[in-house]
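Thanks for coming, everyone. Please bring up the sequence and the structure, and we will walk through them together.

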Amino acid sequence: MTKLPQPSYRTVDARPTPETLIKPGELVDLIEVTPLTLADRRIYNQLLENAWEAIDKPVMHVIAKSDLRGNHNSNDRIGDSIERLMSAIVKMEVIWDGKPAVERVQLLGGNVEMARSDGLFEYEIPARLRKVITNSTVFARLQREVMFALSSKYALTLYEMVQKRGNLRWKSSETFTLDGIRAVLGVPKGKLTSWSNLRLRAIDPAVAEVCALSDYMVEIAPIKTGRSVTHVELRWWRKDGDATDKAERSLSFASTGRRARAAEEARGQGGTTTIPGQTPPRPRPAWLDRQGEALRTETYETARLRFPGYDIYNIEGQWREWSKGKSPAEDPDRAFLAFFRKYAEANPI
């Protein structure tokens, strides 16, 4: 392929700061052929950040596994994420020979994981991906604190999309087909196929979190063709000073408190919601009463905030079925949330 003349400023020339990292725009609006989790996406961003000084060179990069663990004490999840990233194939829009094209690449090349728990992880960026990054001229600057505060992969992806577009002076909105926004958000095939489910389980929770924690306000509005929603319009605008202060205060809370505040700020006065189409949580169904007493109200709210998109009462039913024949939990609320966490990890949406 003929190389295009290089612009005066490229993505690889951008410098991270102690609070922010750089992500090439092509890796923001990619389409996952093989699904990734929130943890996978966070770890990949860390790998990109660690490799940044030589990301366009054919070298092995080294990082301590402890830097990738986050809040977990075990390295097991790191290995699972690395294997998913190695096998992940993504599609991204690029320009070759002055014409738009679709590039399919692997996200991560060969690597070596040292056996010791405090050991090192060595990895390489695949050659085709290095070429895409070298030619990139658009990037997202991500706040590290926000990246780790967001609680779903949909929220993280939406945040990256807005950070990539936020400084475009000539543009403050973009239209996507329904299939297009689903693909960019990383919704697995066969999941959230209707607009109502996509909005309720992915888009509305992601919008609420990004509005609460980032420097931008965001809207995703449906566009109908006839009677069906076929497109959505993504809109973004930078917050004023008061709203930015609120986002900074939200980031200072513990994770559950952050999500509670995001949910609260998504609601208007008098308990009404300001997010179009979002409905209040439905009451606990009567059939669950036959399986046991209701948990604390705060427990259900915590479950909604920690695991957006899941049917909490369905999960409670599965938890109670699983608990039959076992010794009663000393703290049922805590036991339910622990079960929910394992279920969500095994069944991502």
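**A buried salt bridge, and what surrounds it**

Let me start with Glu32. Its relative accessibility is 12%, so Glu32 counts as buried, the cut-off being under 20%. Its salt-bridge partner is Arg41, with N and O 2.4 Å apart. And Arg41? Also buried, because its relative accessible area is 7%.

Before I go on, a caution. This is a predicted model.

Now the overall picture. The protein chain has 349 residues, and 46% of them are buried. Twelve helices and eleven strands make up its secondary structure. Take the contacts between residues at least 6 apart in sequence: 68% of them join residues at least 24 apart. The chain exposes about 18,400 Å², and carbon and sulfur atoms supply 51% of that.

Here is one pair that is separated in sequence. Thr137 and Glu26 are 111 residues apart along the chain, yet their C-alpha atoms are 9.3 Å apart in space. Thr137 sits in the loop between helix 3 and strand 8, which covers 139-143. At 39% relative accessibility, Thr137 is partly exposed.

Back to salt bridges. How many does a search of the whole structure find? The count is 25. Asp13 pairs with Arg10, and there the closest N and O atoms are 4.0 Å apart. Asp13 is partly exposed, at 33% relative accessibility. Glu174 pairs with Lys171, with 3.2 Å between the closest N and O atoms. Shared partners link Asp29, Lys164, Arg165, Lys171 and Glu174 into one salt-bridge network. Within that network, Lys171 is partly exposed, with 24% relative accessibility.

Next, helix 3, residues 127-135. Which of its residues are buried? They are Leu129, Arg130, Val132 and Ile133. Viewed down the axis, these buried residues fall within an arc of 160 degrees, so they line one face of helix 3. What do they pack against? Two strands and a helix come up before the last partner: strand 1 (20-24), helix 1 (38-51), strand 4 (89-96), and then strand 5 (99-106).

A general point helps here. An α-helix has 3.6 residues a turn, so residues three or four places apart point the same way.

Keep that in mind for helix 12, residues 332-346. Start with its length. It has 15 residues, and at 1.5 Å a residue the helix should span 21 Å. The end C-alpha atoms are 21 Å apart, which agrees. Its buried residues are Asp333, Phe336, Leu337, Phe339, Phe340 and Ala344. They cover an arc of only 160 degrees around the axis, which puts them on the same side of helix 12. What covers them? The cover includes helix 10 (297-306) and helix 11 (312-323). Turn to the face pointing away from that buried side. There you find the exposed residues Arg334, Lys342 and Ala346.

Last stop: the surface. Met60, Val62, Val112, Met114 and Leu120 form a nonpolar patch there. Together they have about 380 Å² of accessible area. Met60 lies in the loop between helix 1 and strand 3, which is 61-64. Its relative accessibility is 39%, so Met60 counts as partly exposed.

To recap the starting point: Glu32 and Arg41 meet in a salt bridge. Glu32 is buried, and Arg41 is buried. Over to you for questions.

Technical notes. Residues numbered from 1 in each chain as written. Predicted model: local features only at pLDDT ≥ 70, side-chain atom pairs only at ≥ 80, totals over all residues. Heavy atoms only, no water. Helix = DSSP H or I, 4+ residues; strand = E, 2+ residues; numbered from the N terminus. Expected span 1.5 Å × (residues − 1). Buried < 20%, exposed > 50% of the residue type's maximum accessible area, 1.4 Å probe, protein only. Arc of directions from axis to C-beta. Contact = heavy atoms within 4.5 Å. Patch = residues over 30% accessible without salt bridge, like charges linked within 9 Å, V, L, I, M, F, W, Y side chains within 5 Å. Areas by Shrake-Rupley, 256 points an atom, 1.4 Å probe, with all protein chains shown as cover. Salt bridge = Lys/Arg side-chain N within 4 Å of Asp/Glu carboxyl O.
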